[in-house]
Structures are given as C-alpha cells and as structure tokens.
Amino acid sequence: MRERPFKQVDVFTETPYRGNPLAVVLDGSGLDDAAMQRFARWTNLSETTFLLPPTQAEADYRVRIFTPGGELPFAGHPTLGSCHAWLEAGGAPRSAGVVVQECKVGLVRIRRAAPRLAFAAPPLKLGAASPGLLAKVADALGLGQQHIVAAQMLDNGPVWLGLLLDSPQTVLRLQPDHGTLKALGQKVGVSARYPNPDAGAPSLEVRAFAAPIGIEEDPVTGSLNASLAHWLIAQGHMPAAYVAAQGGCIERSGRVHIEQDASQQIWVGGESVTCIDGQVRL
C-alpha cells in the first residue's frame, strides 16, 4: 500500500452535502480490479473512481468507475466529479475549454463553461420495455397503469428502464419495494414534467432506483438524466434546454442542466464542490 491523492466531491450541486458524493482516487496506477472493487465497497458511495494515464492519444486521462456492486462502463456524476477533481489537482487539458475523458464506453468530451462542467451524452440505444417486466416494476413501485405516460428501455452504457409518469407528485410519493426491484435485476428511472415552471426552476422531477447494483436510490444520476434527455426531447415531452431536479426524497437538492445544441448533441451539466481533500492509503 502507498499514499495516493484523494478527493471526495459533491456533484450536481454548488452547496456541499446537497448533491451526489463521489470518491476520487487521483492516482490509481498499480491497483488491480479486486483492490479497486474492495475500496469502492468500503467507501459505500454510489460510485468511486480511479484516474489513470490515458491509452488513447486524444484523451486527457482515463477513469475506471466502480459501484459497491461492480464496474460501470460510463456514469454521469463520476464523469463530472472526476473531471472537477482532475482540474483542481492541476490537470491541464490538451485543448482549451474541453477535457476528453477515456472510459470503458469510449471517449467522452467535457465542456468547461463556468460555473459548471457539462459532458457530451453518449449515443443512446432505445428498446421496448416488455409488458411483463413493466407490470412487475409498476407493482414494485406501487404504480397503476394510469400513472405511466410512457416507458422505454434506455442504454447509453448503463441500462435503465425509463418511465415518464403523470405528475411530479406521483414521482415524489413513490415508496418502492427495493427487494423486488433487486430481484428483478433492473435499474429504474422515473420522471415527470412540471407543467408551468418559473424561469430557472426545474422542469423535470427525476428519481433513480438502482438496487441491483447496491444503491436503493441514487441521489443525482447523470447517465440516467442523459438517457432521459435523449428520449424525452426526441419525443417532444421536453424542450431542448431544461433543468432537472433529483434527490429531494433523500434530503438532497441536485440540479442537472440539460442542453441540446444545434448539432443535436445532448450536454449534461452541473456544478461540483470538493468536500474532502487529502491522501488515502491503497
């Protein structure tokens, strides 16, 4: 074991302890998969990342992303939080204004636009939700068919069953049977639109249930919000730019900034703040 630089970052918030925490080991060199997984389990956070030298010439750094239950090919809040930590530790991107992160899903561009970072959402694969799975998930969530406006399988690395519900109040009232969701082996993201939000206020309420990977409810989820944005904007349910709220039911106040640019690229942004800065023995 040796001392390695370490940060714990709160993502999708400008207020410490109100977003989604992320553990970042800034030098993961020499650690094998078992050591990374063991430390990720120990932190007991939704994700822990390990930064490494890139293997692709275009990338500024490489990241491996672990949940308590396994490794992810891509995730949103670890992307923004890892980039924040890398820049704060003195990382210098090859191109001004853009950081290129290498992860298992490929290269991810991260745009620097104060006061927040925003990642380019990976391509989305859509699939039909099977009626049997949808019925079992609805039962585990306590939903009637009248509450479900639309359902879609969403895959941008992580795979979510995305649900658009009839109202934010329905989303906020959910009390899932997490044991059943874990047994089903399917992560579920639920959302609903606020009909007439004030300027700058959230337009979408989101919750993420991920019991199959060891997280009953994720505080703020970048990959899910990226998938939802692709789906809901394309279907006309949401405008090309909006703010999503997530985490209110678990005493967080995450804010995810969505923007679709002229090329149809979805950008997912948010503030990050460092809460712990020091060394870890690994």
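These legends walk through several close-up views of a predicted model. Local features are reported only at pLDDT of at least 70 and side-chain atom pairs only at pLDDT 80 or more, while totals for chains, interfaces and linings use all residues. Residues are numbered from 1 along each chain as its sequence is written, and side-chain values use heavy atoms, with hydrogens and water left out.

**View 1. The enclosed space and what lines it.** Here we look into the 1 cavity of 30 Å³ or more that the structure holds. A cavity here is a set of points, on a 1 Å grid over the protein atoms alone, where a 1.4 Å probe fits but cannot get out; lining residues have an atom within 4 Å of a point. About 120 Å³ of space lies inside, where volume is the space filled by probe spheres set on the points, and points are joined across faces, edges and corners. The lining takes in 19 residues, with E47, W160, D218, T221 and S223 nearest the centre. Elements giving two or more residues to the lining are α2 (76–88), β14 (215–218) and α6 (222–234). Helices are DSSP runs of H or I with at least four residues, strands are E runs of at least two, and both are numbered from the N terminus. The largest share, 3 residues, comes from α2. Sorted by class, the lining has 9 nonpolar, 7 polar and 3 charged residues. For that count, Ala, Val, Leu, Ile, Met, Phe, Trp, Tyr, Cys and Pro are nonpolar, Asp, Glu, Lys and Arg are charged, and the others, Gly among them, are polar.

**View 2. The largest nonpolar core, with V268 among its best-connected members.** A nonpolar core is a set of buried Ala, Val, Leu, Ile, Met, Phe, Trp, Tyr and Cys residues joined through side-chain atoms within 4.5 Å. Buried means under 20% relative accessible area, exposed means over 50%, and partly exposed is in between (1.4 Å probe, protein chains only). This core has 49 residues, and those with the most contacts inside it are Y61, I110, F119, Y242, I258 and V268. Its largest share, 7 residues, comes from α6. Leaving aside residues up to four places away in sequence, V268 touches F12, L80, L117, A118, F119, A121, G222, A226, V256, H257 and I258 (contact means heavy atoms within 4.5 Å). There's also a second, separate core of 20 residues, including I148, L161, L181 and F209.

**View 3. Strand β17, covered on both faces.** All the residues of β17 (residues 266–270) are tucked away: 5 of 5 are buried. In a regular strand the side chains alternate between the two faces of the sheet. In β17, I266, V268 and G270 sit on one side, with W267 and G269 on the other. Strand β8 (residues 116–120) pairs with β17 in the antiparallel sense over 4 bridges, and A118 stands opposite G269. Strands count as paired if DSSP finds at least two bridges between them. Strand β16 (residues 254–260) also runs antiparallel to β17, joined by 4 bridges, with I258 opposite V268. β16 and β17 form a hairpin with 5 residues between them, and Q264 in the turn has a positive phi of about 80°.

**View 4. Strand β15 and its partners, β13 and β16.** In β15 (residues 241–246), 5 of 6 residues are buried. Strand β13 (residues 204–210) runs parallel to β15, joined by 3 bridges, and E205 has A245 as its bridge partner. β16 pairs with β15 in the antiparallel sense over 6 bridges; there, A245 is partnered by R255.

**View 5. Backbone oddities in three loops.** A cis peptide bond joins A114 and P115, with omega about 10°; P115 is in the loop between β7 (106–113) and β8. N44 isn't a glycine, yet has a positive phi of about 60°. N44 lies in the loop between α1 (33–43) and β3 (48–52) and is exposed, with a relative accessible area of 61%. E251, also not a glycine, has a positive phi of about 60°. E251 is in the loop between β15 and β16 and counts as exposed at 65% relative accessibility.

**View 6. T67, a buried residue in β4.** T67 is found in strand β4 (residues 61–67), and its relative accessible area is just 1%. Residues up to four places away in sequence aside, T67 touches Q37, A40, S46, E47, L72 and I213. One of these, E47, also turned up in View 1, among the lining residues nearest the cavity centre.

Technical notes: 1 Å grid on protein atoms, 1.4 Å probe; cavity = no way out; pocket = protein on both sides within 12 Å on 5 of 7 lines; lining within 4 Å.
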